Amino acid sequence: MKYLQQAVILAAVTSAAELIKYLLPLPVPASIYGLLLLFLLLKTGLLRLEQVEDVGNLLLELMPLLLVPASVSVLADLETVRTMLAPLLLAGFLGTALVMLTAGRTAQRIIRSRRGGRGNE
């Protein structure tokens, strides 16, 4: 019964997120609204973590299983992937390098600003 109650709460948050997406003319997915809404409910105390924790953990455990069909569909259409393999790998490596570079530079700036602008010590 506990899982059903928690699932109903998460379904209500998801439904509210869909309603928000319908009402707001912004190009934001309903899932983002749902995450923000759930975060706000938890931070304000209107919803306690214990009220959704068990179902949330269950969904996290099931996530790899839910992603298998997407992976299988990519493998089923392997010929299309082969034609795009070089651009996909290039974009993946460049994107990863860009994220690493940006994160590193940002971390360096934060560390330097906390030291008061001193050099590397």
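At 24% relative accessibility, D54 counts as partly exposed, and this residue makes a good way into the predicted model shown above. D54 pairs with K2 in a salt bridge whose closest N and O atoms are 3.0 Å apart. Because D54 sits in helix 3 and K2 in helix 1, the pair ties together parts of the chain that are 52 residues apart in sequence. K2 itself is partly exposed too, with a relative accessible area of 45%.

## The overall fold

Let us step back to the whole chain. It has five helices and zero strands, so the pattern along the sequence reads α-α-α-α-α. The radius of gyration is 21 Å, well over the 14 Å that the globule rule gives for 121 residues, so the chain is more spread out than a compact globule. The C-alpha trace spans about 55 × 55 × 35 Å along its principal axes.

How much of the chain is buried? Buried residues make up 9% of the 121 residues. The exposed area of the chain comes to about 10000 Å², and carbon and sulfur atoms supply 71% of it. Looking at contacts with a separation of 6 or more, 48% are between residues 24 or more positions apart.

## Salt bridges

Now back to the charged pairs. The count comes to three salt bridges in this model, and here they are side by side.

| Pair | Closest N to O distance |
|---|---|
| K2 and D54 | 3.0 Å |
| R48 and E50 | 3.7 Å |
| R82 and E79 | 3.5 Å |

The first pair joins helix 1 and helix 3, as described at the start. The R82 and E79 pair is a local affair: both residues lie in helix 4 (residues 78-83), three residues apart, about one turn of the helix. R82 is exposed, with a relative accessible area of 52%. In the pair of R48 and E50, the side chains meet at 3.7 Å, N to O, and E50 is exposed, also with a relative accessible area of 52%.

## Where helix 1 meets the region around D54

E50 and D54 turn up again around another residue, Q6. Is Q6 buried or exposed? This residue of helix 1 has a relative accessible area of 3%, under the 20% cut-off, and therefore counts as buried. Leaving aside residues up to four places away in sequence, Q6 touches E50, Q51, V52, E53, D54 and V55. Among these partners, D54 is the residue that forms the salt bridge with K2, and E50 is the one that forms a salt bridge with R48. K2, like Q6, belongs to helix 1.

## A nonpolar patch on the surface

Which residues form the nonpolar patch on the surface? They are Y3, L58, L59, L62, L65, L66, V68 and V72, with about 730 Å² of accessible area together. Helix 3 (residues 53-76) gives the most to this patch, with seven residues. Y3 comes from elsewhere, since its place is in helix 1 (residues 2-23). At 44% relative accessibility, Y3 counts as partly exposed.

Helices 1 and 3 therefore appear together in two features: the salt bridge between K2 and D54, and the patch, where Y3 of helix 1 joins the seven residues given by helix 3.

## Helix 5 and some distances across the chain

Helix 5 covers residues 85-115. Its 31 residues reach 45 Å from the first C-alpha to the last, close to the 45 Å expected at 1.5 Å a residue. Just after this helix, G116 takes a positive phi of about 90 degrees.

Two C-alpha separations help to place other parts of the chain. The C-alpha atoms of K2 and A97 are separated by 45 Å, and the two residues are 95 positions apart along the chain. For N57 and I110, which are 53 residues apart along the chain, the separation of the C-alpha atoms is 34 Å. N57 is found in helix 3 and, at 37% relative accessibility, counts as partly exposed.

Note on methods
Residues are numbered from 1 along each chain as its sequence is written. This is a predicted model: local features need pLDDT of at least 70, side-chain atom pairs count only at pLDDT 80 or more; totals for chains, interfaces and linings use all residues. Side-chain values use heavy atoms; hydrogens and water are left out. Patches are made of residues with over 30% relative accessible area and no salt bridge: like charges are joined within 9 Å, nonpolar side chains (Val, Leu, Ile, Met, Phe, Trp, Tyr) within 5 Å. Accessible areas come from the Shrake-Rupley method with a 1.4 Å probe; for residues, only the protein chains shown count as cover. A salt bridge is a side-chain nitrogen of Lys or Arg within 4 Å of a carboxyl oxygen of Asp or Glu. Helices (H or I, at least four residues) and strands (E, at least two) are DSSP runs, numbered from the N terminus. Buried means under 20% relative accessible area, exposed over 50%, partly exposed in between (1.4 Å probe, protein chains only). The radius of gyration is taken over C-alpha atoms; the globule rule is 2.2 Å times the number of residues to the power 0.38. Contact means heavy atoms within 4.5 Å. The expected span of a helix is 1.5 Å times one less than its number of residues.
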